[in-house]
Amino acid sequence: MTKLNRRFLLQGGVSLAGASLVAGVARLGRAADAGLTLYNGQHRATTEALVAAFTKSTGIQVTMRNAESPELAAQIAEEGARSPADLFFSEQSPPIASLQEKGLLGQIDPATLKLIPAKFSAKDGTWIGASVRTRVITYNKKMVAPADLPKSIMDFGTAALNGKFGYVKQDGFQEQVMSIVHIKGRDAALAWLKGLKQYGRSYNGNRIASTAVENGEIAMALSNNYYWYSLAKEKGAENLNSALYSFPGDDAGNIFNVSAAGMLKSSRNQAAAQRFLAFMLSQAGQEAMIATTAEYPVLAGLTSPYGLPPLTNVTAPVSPADMGSAADAYGLEREAGLI
Amino acid sequence: MTRGPQALPPSWLVMASLIPFVLVALPIGYVIVQGWQAGVGGILQNLIRPYTLNLLLNTLTIAVSVTVLAGLIAIAAAWGTERCDLPGRRWWRLAVALPLAIPAYVSSFAWSSLGPWFQEIQGAILILTFYSVPLVYLPVVAALRSLDPNFEDVARSLGHGRWRTFRRVVLPQIAPALGGSALLVAAHMLAEFGALSFLRVETFTTAIFDQYTAEFNNQAAALLSGVLMLICLPVAFAEARMRTRRRVARIGRGSARALVPIALGPLMPLAILGFVLLTILSFGVPIVTLGFWVWQGHSAGQGIERVLPALATTLGYALPGAVLTTIAAVPLVIATTHFRGRFAMLCDRLPYIVHGLPGIVVALAAVATAIGFLPAVYQTSGLVLLVYLVLFLPLAQSSVRASAELVPRELSDVARSLGKTPFQAFVLTILPNLLPGIGAALALTALQLMRELTATLLLAPAGVVTLATEFWNYTSDRAYGAAAPFAATLVLVSGIPVYVFTMRTLRLNDVR
């Protein structure tokens, strides 16, 4: 390399470095403080539709931060009282319930809470359910006949289903464990978890597990209903090898999961935040959400455009309000050696 | 080349090394404080269980197997393209380096969809090995090209066979490049999460994510992170030992003659088959899968208008991030290669330990620090760039070091004797000689920063959208058709730094 080349490279490098740094520093300015800040863990398209409808109706701007719900909950827990967030919209209720237990959530207007059944919101009125899904079994139609499907969630902890099912220790799994604890007791839940570990296959994600069922790698998986619907949307429902199943009667395996939202106690814009929460449960808010994801509305009298079976077909003995942050499930899973 | 440890580094160098040192120490402090809150009883209860043992076993199996396999394949490939009469060597070199452009989570998704076998630990090892080969291959090629063939001639003339010559003469000379890059791969494997999230293998990193996702248990997560840091410790220091043990010296570049390539003869078809297979497995399979998504997915075309803005933002973060990271790496590298000492050594090693931590841990440490001490910078682009620096410093260090080791410190003494200040002397004499390494460092860090997800999601100003965040957004909704263009753009744009990095690394030690 000649000297000239080196000098050229040096000058080039230094000016590139300078330019990039200036560009970086120029971006240092923070987003405008006006309006609401929403930490969003729910499907982005769903929340975007909701926010657009809200802004159109009220003129209030909403800035979204998107990530996985548990990561956002961990982030808010670290931020504490200085959190820039006014609102948190979680894909599941336990992450937001964990913030409730840390005392970081504010009270929601009683008028808003009254709009939906009490079982879909926090007992102390700090978060509301925004949409409902059902906990289901995804099964491969070529591998299991509908008549041979297990009659209870408890069957999955037995040798009879050895090697036939997959499970995922996230998104709805903790609620599953808590439901069994409520109905069958702690010992039964522990035995069930041990059976799961012995006879089932653990997957690192619900999407991967339901794809495995679809591809015939495993016959069944414990899952939530919307994973199947998003696959149906991508591939076309008529092309799928897999289908959904709920247990008959009020089995402990039938659960309603809710996506849930709440306001942070530290919010400096509480009036607007309350309006947002009320809007979520209004007809316009609910319609915006159910148009973009295969979930049930929490508000009575609306129907999902995704052709979901009526929610009344399923009986769930334990409600999201009973689950809390599902932290007790943690101890049981540890005892069973699952985590 | 270098003097004993008695020489003291100039004060500007000490100050400049302290900044990255403090930044990198923050996540370590965070892990210790959080983990300590679990109490000694809690620590033992949490850690000494069959479950943790199983994680340890999986984590180590993956890290060791991937490192060893990638090392072997890389040496064989490097030997093939540099020393044998393989036709089209120029192209094979690029072909072996090309998979660098594909993020691990993309190739993992491709492979895992082929069947359950690939989702188990053997699949994880296979996927990550093919992903890691270029990271070892390029430094080894660069080292091979810088060798003085006279050493080998001497060995052969003393009656050593080809294999013995390789083992006793070539291998010791390429050992620093091989060891350095292999251990970087090992540290990287300890922190790998994206690729494993598609598989059924549990490691410390997936367990740390489980702690956050299932239990909201920051303390238990910190404990597991602490164990991960302990595993990284020997890795980080072994890499340094590997380099300081080097005792190959020569004056000048020698009168390198043109090497006569070894005739492969009847082995030729086998060698070509090997290279074709390597290219198909590491590059072909993921690329075909990407194409398949676009063709098959109903969501294809959604969000397509966001591709260009996302690309602009991706570059807007990755380029300044790469520049900042490289600038921080230079003093660290100079402090250790030209002035050894315990503190310099520690400054130099710490980033490797943090490199083995999952992004979520480093990001949460940044949240806690910024909220606690500097709320004004919280969720600004500046903070994101600093976290990038913490996450990817070792990549820049290893590239810069390759250049720094070739520069005698005495060069700056000459400038000093002519009345220049230590800093001027550095800029005039050492820095110009570091440029090839700096170029490689910029390319490699820019490449990794373009894929960064966790820190960008949690810390960037709200509403910031990059190619990686869009890809995540659509795949988490299973809209693979919509996700594919973002992944494809990422791969295409990554091609540029990959090309630059490949060319820089190849030319770095070129004697021809």
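These questions and replies concern chains A and B of a predicted model.

Me: Why are helix 12 of chain B and helix 17 of chain B called oblique to each other?
Reply: Their packing angle is about 140°. Angles over 145 degrees count as roughly antiparallel, and 65 to 115 as roughly perpendicular. The angle of about 140° fits neither range, so the pair is oblique.

Me: How far apart are the axes of helix 12 (residues 307-338) of chain B and helix 17 (residues 422-451) of chain B?
Reply: The axes lie 8 Å apart. The crossing of these two helices of chain B is right-handed.

Me: What makes up the contact of helix 12 of chain B with helix 17 of chain B: nonpolar, polar or charged residues?
Reply: It has 16 nonpolar residues, five polar and no charged. Helix 12 of chain B contributes residues including L319(B), V323(B) and I334(B). Those from helix 17 of chain B include I430(B), L434(B) and M450(B).

Me: How do you know that chain A touches chain B, and how many residues are in contact?
Reply: Residues count as in contact if their C-beta atoms lie within 7 Å. By that cut-off, 58 residues of chain A are in contact with 52 residues of chain B. Helix 1 (residues 3-26) of chain A gives the largest share of chain A's side, nine residues. That side divides into 23 nonpolar, 18 polar and 17 charged residues.

Me: What makes a residue of chain A buried, and what percentage of the 339 residues are buried?
Reply: A buried residue has 20 or more other C-beta atoms within 10 Å of its own. In chain A, 54% of the residues are buried. The chain has 13 helices and 10 strands.

Key:
Residues numbered from 1 in each chain as written. Chains lettered and ligands numbered in written order. Predicted model: local features only at pLDDT ≥ 70, side-chain atom pairs only at ≥ 80, totals over all residues. Contact = placed C-beta atoms within 7 Å. Helix = DSSP H or I, 4+ residues; strand = E, 2+ residues; numbered from the N terminus. Nonpolar A, V, L, I, M, F, W, Y, C, P; charged D, E, K, R; others polar. Buried ≥ 20, exposed ≤ 12 C-beta atoms within 10 Å, placed from the backbone. Axes fitted to C-alpha atoms, helices over the stretch in contact; angles between N-to-C directions. Left-handed = near helix turned anticlockwise from the far one by under 90°.
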